[in-house]
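Please open the model in a viewer and keep the sequence panel visible. The tour below moves from the whole chain to a single helix.

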Amino acid sequence: MNTQRTLVPAAVPLTPEVTVRKPRPLLAVALAMAIFSAAIALFANAFWLSALTSAMALSLSVAGVAVLYGQLGLVSLCQFALVGVGGWVTLRIGHGFAPPFEVSLLAGGVVAALLGLLFGVPALRLRGLYLALVTLMLAGAFQIVISAWGFPDGGPGFLGRADGVGRSMLARPTLATEAVPYFLYCAFIATLGLMLVQAHKITRPGRAWALIRKGETVAIASGVNVLAYKAWAFALSGFLAGIAGGLLAGNVGQLEGRAFSAFESLNLFALATVGGAFHWYGAVIAGLLLRALPALLTDLGIDGYVTIGIFGVALFHALATAPTGIAGKIAGLLARFTRGAGR
């Protein structure tokens, strides 16, 4: 009788609680992003709307870094190059065939995912410093290629160069041609991307990635296909970066090759660490640091390049005292507040 009393309560919660609790993180992402986006749309001026639209787009690329680093412990330093790939493809298809913006955006995400998978091939055998160096060299190679080719500007041919003619602007989505609607459009896409990453974390891929992070031997012993799940992570990371590049192209209407240097990939990874790679809102914080902080300094009459020094100090602080980043600190404060309120 005693054995039955201990076994029955343990077996009861398995089905209902798993089905009820899993959607909660996804709902939290959607609710928090909706409140944040509504506040920005109501109170921000044109200058801040442009900066925060770029921040929303880049939060997707940071989320891709968080998948690789936060879930697998892999350091990839070519993420901003994949942002450039997504932007390049979105512009080329948009100028060359003039489909709906969503078609060009999705094409940019898919091509960046394929290249992300290709860039991730070294990760199947390399880790740590060696993987970081290889991906950084790939980012440098992209910088050279895009400097020679340039971004499409509405001209004919594969490269879309309009020599001697004014550059064409990429048309925004039909429902989001103005600044406020396009910001909300980007915030909605960013929310879907963050929810996609969060859904991976709480389902089978997240469990497989956690085992791989502990040790590939442990993962293989548990029946995890290490190669497949690593490839999955790199493809997902590349897809998010490509979507971010397409959204940036829609925000500005065109892109410059100088904006996608290897240094920007380093900067992106550093701020992903500062913002917090282990919580979904760390990607949003990092996106704000990448675009909103320089905009704030410019608005105050301070040279935006000062942010390089600020980011360096913030990275040192994060590595030394706060490895979970700003988002980890916020999560700790919320947990402490919740425990205090419960008592």
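Display the molecular surface first: the accessible surface of the chain comes to about 16900 Å² (Shrake-Rupley method, 1.4 Å probe), and 70% of this area belongs to carbon and sulfur atoms. This is a predicted model, in which local features need pLDDT of at least 70 and side-chain atom pairs count only at pLDDT 80 or more, whereas totals for chains, interfaces and linings use all residues. Residues are numbered from 1 along each chain as its sequence is written, and side-chain values use heavy atoms, with hydrogens and water left out.

Next, colour by relative accessible area. Of the 343 residues of the chain, 47% count as buried (under 20% relative accessible area, 1.4 Å probe, protein chains only).

Now select the charged side chains, taking Lys and Arg as positive and Asp and Glu as negative, without His and the chain ends. The chain has 22 positive and 10 negative charges, and their mean positions are 20 Å apart, each charge being placed at NZ of Lys, CZ of Arg, CG of Asp or CD of Glu.

Switch to the cartoon. The chain holds 15 helices and 0 strands; these are DSSP runs (helices H or I, at least four residues; strands E, at least two), numbered from the N terminus.

Then select residues 226-252, which form helix 11. At 1.5 Å a residue, counted for one less than the number of residues, its 27 residues should span 39 Å, and the end C-alpha atoms are 40 Å apart, which agrees. Helix 11 is largely enclosed by the rest of the structure, because 20 of its 27 residues are buried. Finish at Gly253, just after helix 11, which takes a positive phi of about 95 degrees.

Note on methods: Buried means under 20% relative accessible area, exposed over 50%, partly exposed in between (1.4 Å probe, protein chains only).
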